[in-house]
Structure formats: C-alpha cells, structure tokens
Amino acid sequence: MVNKVRVTIAGAPYAVATTDSEKYIASLAKRLDEDITKLLDTNENLSVTKAAVFCAMDYLDEYKKSTGSAENMRSQIQDYIADAARAKLAEDKVRTENETLRRENDALREQLARLQAKQKADREAKTEA
C-alpha cells in the first residue's frame, strides 16, 4: 500500500509517496533537514541545492562503503561456512574411524580373553595330568 507522507526539508514542504512507514520517512527527512541546515549555517554562500548535492555525495559515499563492507562480510561468512563444512566432514571421518577402531578393539579384547581362558584351561589340564 502506498502512503503519502508530508515532510519539510530545508523549509520546503514535500509529499512523498512510499510503501515505507511514515515514521521511517519522517526520520529520513529529519536527518536530511538537519544535514542541509548544518551546511547552510556553516557556509552562508551555499545554496540549498548545493547543500543538497553535498549531502547526496556524503550519503552516496556512506552507501558505497557500507555496501563494500557488506560484500566483504558475505565473503568472510562464505569462507567460514566452507571451513565449517570441511571441519564437519573431517569430524565425521574421525568419528567413523573411531567407531571402527572401537569395534576392532572390542574384537581383539574378546579374542585375547578367549586365548587367556584357553591357556588357563590348558595349564589346568596339564597340572591334573
């Protein structure tokens, strides 16, 4: 749904048609008004249009830098996800190997117990004979 939001920037009224909330648009307008007013207050020779252009340049700079930062974060996250996937595969491999070694160990213990029991039985048979 399109909302019509009325705002005032640098003393001029504007009607903004938007799907964003009125509160959000008002906050954007407030920041722009404050930034333009600050520029106009610090430089008497500056027109509202030039102040708006300087604000636009500043906002574009912020946008480009934040976009670059976001791309860098996405790249790092993808690297972390790939590292985590490799670590998971390594963990699964180690768990499988560990389980195999446990089964082999159990089988060897059983075999040892049987051999020891047989040796004991053989010794007892020799002593009885």
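This text walks through a predicted model, beginning with helix H1 and then moving along helix H2.

Helix H1 covers residues 22-42, and because each of its 21 residues should contribute 1.5 Å, a span of 30 Å is expected, which agrees with the 30 Å that separates its end C-alpha atoms. Within H1, the residues Ile25, Ala29 and Ile36 are buried. These three cover an arc of only 35° around the axis, so they sit on the same side of H1. The general background is that an α-helix has 3.6 residues a turn, so residues three or four places apart point the same way. The other side of H1 carries exposed residues, namely Lys23, Lys30, Lys38, Asp41 and Thr42. As for what the buried residues of H1 meet, they pack against strand S1 (3-9), strand S2 (12-18) and helix H2 (48-128).

From the side of helix H2, cysteine 55 offers a closer view, since this residue lies in that helix and, because its relative accessibility is 4%, under the 20% cut-off, counts as buried. Leaving aside neighbours within four places in sequence, cysteine 55 is in contact with Leu32, Asp35, Ile36 and Leu39. Aspartate 35 is 20 residues away from cysteine 55 along the chain, and the C-alpha atoms of the two are separated by 6.9 Å.

Elsewhere the model has a nonpolar patch on the surface, formed by Met73, Ile77, Tyr80 and Ile81, which together have about 460 Å² of accessible area. One of these residues, isoleucine 77, is found in helix H2, and its relative accessibility of 47% means that isoleucine 77 counts as partly exposed.

Methods:
Residues numbered from 1 in each chain as written. Predicted model: local features only at pLDDT ≥ 70, side-chain atom pairs only at ≥ 80, totals over all residues. Heavy atoms only, no water. Helix = DSSP H or I, 4+ residues; strand = E, 2+ residues; numbered from the N terminus. Expected span 1.5 Å × (residues − 1). Buried < 20%, exposed > 50% of the residue type's maximum accessible area, 1.4 Å probe, protein only. Arc of directions from axis to C-beta. Contact = heavy atoms within 4.5 Å. Patch = residues over 30% accessible without salt bridge, like charges linked within 9 Å, V, L, I, M, F, W, Y side chains within 5 Å. Areas by Shrake-Rupley, 256 points an atom, 1.4 Å probe, with all protein chains shown as cover. Salt bridge = Lys/Arg side-chain N within 4 Å of Asp/Glu carboxyl O.
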